[in-house]
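I opened this notebook to keep track of what I look up in the structure, one entry at a time. Each entry below follows one part of the chain.

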Amino acid sequence: MARKKIVYQEFGSAPEIEAPEVVDLPPNQQNVRIQATRSGRKGKTVTVITGFQHAPATLAKLTKQLKNKCGAGGTLKDGVVEIQGDRRQQLLEILTQQGYKAKISGG
């Protein structure tokens, strides 16, 4: 059910906005894409992993685990994991060992 977006409201309280329910699928049911990119990062290469269907807390733990195994920095932005450097092959091995259906995409 779609809710109307309120642009301006002078009186009363704001309506409660329901957060979309995130389905936490097991790793063997998730198709994950690994891609190295430089766009919008001032020439720095970053490995981007998309396609996770986890709750935010689970995804944060996974991001920390991947950063530790790669020995690199990284972040979690809007359900997308970013690891510093071109680590496509290393992340592919780590994710497939954990049971994810991972593929390298892009050139």
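**Entry on helix 2.** I began with helix 2, which covers residues 88–97, and I noted that Arg 88, Leu 91, Leu 92, Ile 94 and Leu 95 are buried there. I should write down at once that the model is a predicted one. Next I asked which elements the buried residues of helix 2 pack against. I found strand 1, strand 2, helix 1 (56–70), strand 4 and strand 5 (101–104) as their partners. Just after helix 2 I came to Gly 99, which takes a positive phi of about 105 degrees.

**Entry on the whole chain.** I then stepped back to place helix 2 among the other elements, and I listed 2 helices and 5 strands for the protein. Read from the N terminus on, their order is β-β-α-β-β-α-β. The protein has 107 residues, and I noted that 24% of them are buried. For contacts between residues at least 6 apart in sequence, I recorded that 50% join residues at least 24 apart. The exposed area of the protein is about 7,800 Å², and carbon and sulfur atoms supply 50% of that area.

**Entry on the salt bridges.** How many salt bridges does the structure hold? I counted 2. In one of them the side chains of Arg 41 and Glu 82 meet, at 2.9 Å from N to O. This pair links distant parts of the chain, since Arg 41 sits in the loop between strand 1 (31–37) and strand 2 (46–50), Glu 82 sits in strand 4, and the two are 41 residues apart. Is Glu 82 buried or exposed? With a relative accessibility of 11%, Glu 82 is under the 20% cut-off, and therefore it counts as buried. Arg 41 has a relative accessibility of 23%, so it counts as partly exposed.

I also looked up what surrounds Glu 82, which belongs to strand 4 (residues 80–84). Leaving aside neighbours within four places in sequence, I found Glu 82 in contact with several residues, including Arg 41, Val 46, Thr 47, Val 48 and Lys 77.

The other salt bridge I wrote down joins Arg 88 to Asp 86, and their closest N and O atoms are 3.0 Å apart. Asp 86 is partly exposed, with a relative accessible area of 45%, whereas Arg 88 is among the buried residues of helix 2.

**Entry on the aromatic pair.** I found 1 aromatic pair in the structure. Phe 52 and Tyr 100 form this pair edge-to-face, with 5.5 Å from centre to centre and 90 degrees between the planes. I noted that the pair links distant parts of the chain, with Phe 52 in the loop between strand 2 and helix 1, Tyr 100 in the loop between helix 2 and strand 5, and their positions 48 residues apart. Both Phe 52 and Tyr 100 are buried.

**Entry on Lys 44.** Last, I went back to the loop between strand 1 and strand 2, where Lys 44 lies. Its relative accessible area is 58%, which is over the 50% cut-off, so I recorded Lys 44 as exposed. Not counting residues up to four places away in sequence, Lys 44 touches Thr 37 and Arg 38. I also looked up Lys 44 and Gln 84, which are 40 residues apart along the chain, and found their C-alpha atoms separated by 8.1 Å.

Technical notes
Residues numbered from 1 in each chain as written. Predicted model: local features only at pLDDT ≥ 70, side-chain atom pairs only at ≥ 80, totals over all residues. Heavy atoms only, no water. Helix = DSSP H or I, 4+ residues; strand = E, 2+ residues; numbered from the N terminus. Buried < 20%, exposed > 50% of the residue type's maximum accessible area, 1.4 Å probe, protein only. Contact = heavy atoms within 4.5 Å. Areas by Shrake-Rupley, 256 points an atom, 1.4 Å probe, with all protein chains shown as cover. Salt bridge = Lys/Arg side-chain N within 4 Å of Asp/Glu carboxyl O. Phe/Tyr/Trp six-rings, centres within 6.5 Å; stacked < 30°, edge-to-face > 60°.
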